[in-house]
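Q: Could you zoom in on one part of this model and talk me through who sits against whom? Feel free to wander on to the aromatic rings afterwards.

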Amino acid sequence: MPTPDETAAPPQPLGEAEGAPSPGGSAAALPPPELAWGYLNGRLTAADTGTLAFLRRCDLGPGPGEAFARIHARGTDPSPLAAVCRETVDGRTGRGGDAEDPRRVWDYLELSHRLSRGDADGGEVSGPQLAAGRREFLLSRAASGRGMNWQDSSALLGTDRPEEVDAAFERGEELVGVAVIGLALTHPDPAAILPRVARALDRALASSDPRLRHQGIVALAHTARLHRTVDRRCLDLLRRCPRGSEADDDLWVYVPRRRLPWWLWRHRLGEPPRRWLRRVGKALSGARGGG
């Protein structure tokens, strides 16, 4: 029976620079004043506001996510939703936090969206602005651990944010391996997944941590199954792990055999019989002698 460390039922978010704010993307990381301000100023529909509030509540869990739960509970009825959003904005704006002016977050998201579509003017100016916004509204939150609830495996299994995983490695989060599994299950690009899987395996092998090692193996198995690929670094690290794992099985089934190393072939097919090896040797010797 799979454990929470091994499986997930994740949402499929939209990346920060891939389009307008939508469930699970950068907008999902907005603190309550920014989310509420976005609805009150026409940046979000009622339905999108409720969905984003729900996803953010799932990210943060009880306590930190309570303000988002209050927004989500109002549903899509404009009057109650506007009332709780107004209360949130009036009660929180200007008291510090991620952004004292909620408009700044939305200006950053709009710029990101416009640049992704190639219709933003002043690219030399917009680039640094986008980088500064990403640093303030995404990376700084990830670095401090405010982006997600790092005490809840179910929340971590839904992440598609490589920055959150990198920051968790730096902080030494106990459940970082769970987040790596979540990344493997939700992120659309294996090039963003495999380096984090390798980092988990490398750390687990260096520290002799069997739980993190197993989580890295499970993440590698999911990546092989979903994306049908692997990289050399992960294979080198997997070779140092016990054979017969989930990753061994899924690599053999889903990744083209020509891309798999000889040691995995040998494990799956077994040692060739000595008689067969002698025959091959004689045939090769005969071919050389006849030449």
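A: Quick definition to start: buried means under 20% relative accessible area, exposed means over 50%, and partly exposed is what lies in between. Keep in mind that this is a predicted model.

Let's zoom in on Arg196, which belongs to helix H10, residues 190–207. Its relative accessible area is 16%, so Arg196 counts as buried. Leaving aside residues up to four places away in sequence, Arg196 touches Pro162, Val165, Asp166, Phe169, Val180 and Leu183.

Some of those names lead to helix H8, which spans residues 162–171. H8 is mostly covered, with seven of its ten residues buried. Pro162, Val165 and Phe169 are among the buried ones, and each of these three is touched by Arg196. Glu163, Glu164, Ala167 and Ala168 make up the rest of the buried set. After H8 comes Gly172, with a positive phi near 75 degrees.

Now for the rings. Searching the whole structure turns up one aromatic pair. It's Trp252 with Trp265: the ring centres are 5.1 Å apart and the planes sit at 85 degrees, so this is an edge-to-face pair. The two link distant parts of the chain, 13 residues apart, with Trp252 in helix H13 (residues 246–254) and Trp265 in helix H14 (residues 262–269). Trp252 is buried at 8% relative accessible area, while Trp265 is partly exposed at 34%. Trp252 has another partner too: Arg257 lies over the face of its ring, 4.0 Å from the ring centre.

Note on methods:
Residues are numbered from 1 along each chain as its sequence is written. This is a predicted model: local features need pLDDT of at least 70, side-chain atom pairs count only at pLDDT 80 or more; totals for chains, interfaces and linings use all residues. Side-chain values use heavy atoms; hydrogens and water are left out. Helices (H or I, at least four residues) and strands (E, at least two) are DSSP runs, numbered from the N terminus. Buried means under 20% relative accessible area, exposed over 50%, partly exposed in between (1.4 Å probe, protein chains only). Contact means heavy atoms within 4.5 Å. Rings of Phe, Tyr and Trp (its six-membered ring) pair if their centres lie within 6.5 Å; planes under 30 degrees apart count as stacked, over 60 as edge-to-face and the rest as tilted. A charge sits over a ring if NZ of Lys or CZ of Arg is within 6 Å of the ring centre and within 35 degrees of the ring normal.
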